[in-house]
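Colleague: I would like a close look at a single part of this model, taken slowly enough for a first-year student to follow. Could you begin with one residue and work outward from there?

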Amino acid sequence: MWIDTHCHLDAAEFNEDRTAVHQRARAAGVALCVIPAVEATNFDTVRTLAHAQQDVYALGIHPLFTPQATEADLAQLDAALEAHRHDPRLVAVGEMGLDGFVQSLQTSEALAKQQIFYRAQLQYAQHHQLPVILHVRRSADLLLKGLRKTPVMGGIAHAFNGSMQQAHAFIDLGFKLGFGGALTFERALQLRRLATQLPLSAIVLETDAPDMPPHWRYTTAEQRAAGLPQGRNEPAELPRIAKVLAELRGISLQEVAAVTCANARQALPRLQSVGDFHHPERCSALPLRGFGWHAHTRGLGRTCESQWR
Ligand SMILES: [Zn+2]
């Protein structure tokens, strides 16, 4: 049994075959997917999708969406967290955080706005007693600083690729670190070192689908220049990504499954109350069409290269 702690199943990339993608995930043993929102306009989408698929969701404003986000979006987030506070499938505030990589977000004005949204969402997490799902990209120290100022109950540092010291700082603040497709690349040396040397109790697995394809789905820059599209990641890939982790650590796949699922439940305590995992055939007839995510999301997704640079 597996838990994909981060997948954007509402993304437009899945519009054509969302039901099949979900069935493949369940058939592969992925019992639960965590679907994080990225902006106010997809709060309803992720919630409806999570309920339809018997998955779980998080509500938040992603740092890449802060340039167009407004105060009203923050108020909407607070109101949604309040309105759905008894929903056991609402498991965290996220995806939120800070991005230190995307060029256009590094001006002093853009950085200040990122900070405003980060701090406000930490306060909501504190107030609503929810963990957070953090976007960490060249921003670990700033995120840690914010967490020390506004402590929350913990959560997940998603697609973590910082230093060993930063990793331990997150762990000390009650966080688990999310690992996914990036660790399948042999040249991801620092990431592989982290995934091998950190205590297994600190690790959760995620695909970040449709982004972050593992190497067997990855299209190189040359292939893309020749017209091939970037490979799409999906939650059914999680066990194969986990196998790479098991091999790196020299432990069994069963141990990776058992421990990372327990870790996910610890990071997102509400997962414990949605533990009645259902059988794949039960979700086959669910109506999953028409869930879109905005076209402007396209092109903003992480690339594998950026994760280990
Ligand atoms: Zn994400």
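Modeller: Leaving aside the neighbours within four places in sequence, L9 is in contact with F14, R18, V21, H22, C33, I35, L49, Q53, D55 and P235. Please keep in mind that everything described here comes from a predicted model. The place of L9 is in the loop between β1 (2–4) and α1, and with a relative accessible area of 1% L9 is buried, because buried means under 20%. The chain also brings a distant stretch to this place: L9 and E234 are 225 residues apart in sequence, yet 8.4 Å separates them in space, C-alpha to C-alpha. That pair can be set beside a figure for the protein as a whole, in which 73% of the contacts between residues at least 6 apart in sequence join residues at least 24 apart.

One of the contacts of L9 is C33, and this cysteine deserves a careful look. C33 is buried, with a relative accessible area of 0%, and C7, also at 0%, counts as buried too. The sulfur of C33 lies 3.7 Å from the closest cysteine sulfur, in C7, which is too far for a bond, because a disulfide needs two cysteine sulfur atoms within 2.5 Å. A search of the whole structure accordingly finds zero disulfides, and C7 is in none, the nearest cysteine sulfur being that of C33.

In the sequence, two histidines stand beside C7, and both take part in a metal site. The zinc ion has as its protein donors H6 through NE2, H8 through NE2 and E95 through OE, lying 2.1 Å from it. Along the chain these donors follow the spacing H-x1-H-x86-E, a pattern in which x86 stands between the second histidine and the glutamate. H6 counts as buried at 0% relative accessibility, and H8 is buried as well, with a relative accessible area of 3%. The third donor, E95, is found in strand β4 (residues 90–99), and the peptide bond that leads into E95 from G94 is cis, with omega near 10°. Such a bond is worth pointing out because most peptide bonds are trans. There is a further cis bond from A209 to P210, with omega near 5°, and P210 is found in the loop between β8 (203–205) and α8 (221–225).

Let us return to the contacts of L9, which also include L49 and Q53. These two belong to helix α2 (residues 43–53), where F43, T45, V46, L49, A50, A52 and Q53 are buried. What covers the buried residues of α2 includes α1 (18–27), β2 (30–36), β3 (56–59) and α3 (71–83). Just after α2 comes Q54, which takes a positive phi of about 55° although Q54 is not a glycine. Its place is in the loop between α2 and β3, and at 28% relative accessibility Q54 counts as partly exposed. A positive phi is worth noting because most residues other than glycine have a negative one.

Another residue with this feature is A159, whose phi is positive at about 50° although A159 is not a glycine. A159 is found in the loop between β6 (155–158) and α6 (164–172), and, with a relative accessible area of 9%, it is buried. A159 also takes us to an empty space inside the model. A search of the whole structure finds two cavities of 30 Å³ or more, and the largest has a volume of about 70 Å³. Of the 14 residues that line this largest cavity, the closest to its centre are A159, F179, G180, A182 and M212.

F179 leads on to the packing of the interior, where the largest nonpolar core has 71 residues, and F179 is among those with the most contacts inside it, together with L59, V132, L134 and F170. The largest share of this core, six residues, comes from helix α4 (residues 108–128). Apart from it there is a second, separate core of 16 residues, which includes V34, A92, I133 and I156. In soluble globular proteins, nonpolar side chains tend to be buried together. To place these parts in the whole, the protein has eleven helices and eight strands, and 56% of its 309 residues count as buried.

Notes
Residues numbered from 1 in each chain as written. Predicted model: local features only at pLDDT ≥ 70, side-chain atom pairs only at ≥ 80, totals over all residues. Heavy atoms only, no water. Buried < 20%, exposed > 50% of the residue type's maximum accessible area, 1.4 Å probe, protein only. Donors = N, O, S within 2.8 Å, 3.2 Å for Na, K, Ca; no water. Core = buried A, V, L, I, M, F, W, Y, C linked by side-chain atoms within 4.5 Å. Helix = DSSP H or I, 4+ residues; strand = E, 2+ residues; numbered from the N terminus. 1 Å grid on protein atoms, 1.4 Å probe; cavity = no way out; pocket = protein on both sides within 12 Å on 5 of 7 lines; lining within 4 Å. Points joined across faces, edges and corners; volume = space filled by probe spheres on them. Contact = heavy atoms within 4.5 Å.
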